[in-house]
Amino acid sequence: MRPFTYQRVHTPAEAAAALLQQRDTKAIAGGTNLLDLMKLEIETPTHLVDVNGIGLDKMEATSDGGMRIGALVRNTDLAADPRVRREYPLLSRALLAGASGQLRNRATTAGNLLQRTRCPYFYDTDQPCNKRLPGSGCGALDGFSRSHAIVGHSKYCIATHPSDMAVAMRALDAVVETVHASGGTRSIPIADFHRLPGNTPHVETNLRTGEIITAVTLPRPVGGVQIYHKVRDRASYAFALVSVGAIIQRDGSGRVAVGGIAHKPWRVESAEALLPNGASAFTSKLLAGVHTTTQNAFKVPLVQRTIATVLHQAGELQR
Ligand code: SF4
């Protein structure tokens, strides 16, 4: 690990300003991803801004019946919150499907959204990786690609986003709130928060330099049956090959977001009108433009079967 300086800040504005004070500055909260990346010298900040003391660790009701989750609310606390369990159970289940108890105790809401891919070539500094070193190539394209993206990717990067929580938030139509060092605030729909790789896979979100996440807001609950179904290589402590976060209403309409198949949680709203017609029709439109490698082609039928399972479960629960 390379030497770095360390600073504690006390307000969101102070945190955002600190990010602009010198080059190669990173914010740190739980550190569950960043510290690993620093030890491997994939992230090499020269200055760390500790944001744990800036008071963003509250959950509160919003005036329109929704919920505001502070950026620093720990994943464990969010998953266990009685209102989340009652009105947004999809979110609670997605959180509990991710990482381990120890990691969830440290990991924060904002950090979860900002975690980086687990592509093995990204973590191996002897391998080419456009995300880690722009212009160096993509080791996964002709390499081990079993866990990689099948939609929305480019010839520059086929990595997936690893978050379970973000998949649930995409189905819930969450909004990411931010503040910039200039004092300006933004509300970014989660659909627009993460980026597809294009030719700049190292730019993963639409956060600007000097801008930090302050909260994630959930709209008023929409009811229905909420299911998070994660398919992975082992029963716990593994990233999704495919995950499905769904809110299904009694008439068969609903929302479905899918994890493990793209550089961001994958949801195609225009396909959702086909949900009452069943998994096959819906999946065909959801995966329009699909492009697989020989190693990850299995994800196409796996997505369809996982969605079929979720729709069947929803039907059973609504009997
Ligand atoms: Fe890097 Fe993306 Fe290629 Fe993985 S898939 S090696 S993260 S460029």
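**Figure 1. A salt bridge joins Glu 177 and Arg 68 in this predicted model.** The closest N and O atoms of Glu 177 and Arg 68 are 2.8 Å apart. The pair links distant parts of the chain, since Glu 177 belongs to strand β6 (residues 175-180) and Arg 68 to strand β5 (residues 67-70), with their positions 109 residues apart. Glu 177 has a relative accessible area of 17% and is therefore buried, because buried means under 20%. Arg 68, at 25% relative accessibility, counts as partly exposed. The structure as a whole holds 18 salt bridges.

**Figure 2. Glu 204 and Arg 116 meet through their side chains in a salt bridge.** The N to O distance is 3.0 Å. This pair also connects distant parts of the chain: Glu 204 is in the loop between β7 (185-189) and β8 (211-218), Arg 116 is in the loop between α7 and α8, and the two are 88 residues apart. Glu 204 is buried, with a relative accessible area of 15%. Arg 116 is buried as well, its relative accessible area being 13%.

**Figure 3. A salt bridge connects Asp 233 with Arg 146.** Here the closest N and O atoms lie 2.8 Å apart. Distant parts of the chain are linked once again, with Asp 233 in the loop between β9 (225-231) and β10 (242-248) and Arg 146 in the loop between α7 and α8, 87 residues apart. Asp 233 has a relative accessible area of 54% and is exposed, because the exposed class begins over 50%. Arg 146 is partly exposed, with a relative accessible area of 29%.

**Figure 4. Asp 173 takes part in a network of salt bridges.** The residues linked in this network are Arg 170, Asp 173, Arg 255, Arg 267, Glu 269 and Glu 272. Asp 173 is located in the loop between α8 and β6. The phi angle of Asp 173 is near 60°, a positive value in a residue other than glycine. With a relative accessible area of 30%, Asp 173 is partly exposed.

**Figure 5. Asp 24 has a positive phi although it is not a glycine.** The phi of Asp 24 is about 55°. Asp 24 is placed in the loop between α1 (12-19) and β2 (25-28). Its relative accessibility is 46%, so Asp 24 counts as partly exposed.

**Figure 6. Phe 122 and Tyr 123 form an aromatic pair.** A search of the whole structure finds one such pair. The ring centres of Phe 122 and Tyr 123 are 5.3 Å apart and the ring planes stand at 85°, so the pair is edge-to-face. The edge-to-face class applies because the planes are over 60 degrees apart. Both Phe 122 and Tyr 123 are buried.

**Figure 7. Ile 158 is a buried residue in a loop.** The loop that holds Ile 158 runs between α7 (109-114) and α8 (165-171). Ile 158 counts as buried because its relative accessibility is 4%. Apart from neighbours within four places in sequence, Ile 158 is in contact with Cys 138, Ala 140, Leu 141, Ser 145, His 148, Ala 149, His 153 and Thr 293. One of these contacts, Thr 293, is 135 residues from Ile 158 in sequence, while the C-alpha atoms of the two residues are 9.8 Å apart in space.

**Figure 8. The buried residues of helix α9 lie on the same side of the helix.** Helix α9 spans residues 279-286, and its buried residues are Ala 279, Phe 282, Thr 283 and Leu 286. These residues cover an arc of only 95° around the axis, which means that they share one side of α9. They pack against β11 (254-259) and α10 (299-317).

**Figure 9. Pro 301 is found in helix α10.** Pro 301 is partly exposed, with a relative accessible area of 37%. Pro 301 and Pro 45 are 256 residues apart in sequence, and their C-alpha atoms are 41 Å apart in space.

**Figure 10. Four residues form a nonpolar patch on the surface.** The patch consists of Met 1, Phe 4, Tyr 6 and Leu 35, which together have about 360 Å² of accessible area. Met 1 is in the segment before β1 (5-8). At 48% relative accessibility, Met 1 counts as partly exposed.

Conventions. Residues numbered from 1 in each chain as written. Predicted model: local features only at pLDDT ≥ 70, side-chain atom pairs only at ≥ 80, totals over all residues. Heavy atoms only, no water. Patch = residues over 30% accessible without salt bridge, like charges linked within 9 Å, V, L, I, M, F, W, Y side chains within 5 Å. Areas by Shrake-Rupley, 256 points an atom, 1.4 Å probe, with all protein chains shown as cover. Helix = DSSP H or I, 4+ residues; strand = E, 2+ residues; numbered from the N terminus. Buried < 20%, exposed > 50% of the residue type's maximum accessible area, 1.4 Å probe, protein only. Arc of directions from axis to C-beta. Contact = heavy atoms within 4.5 Å. Phe/Tyr/Trp six-rings, centres within 6.5 Å; stacked < 30°, edge-to-face > 60°.
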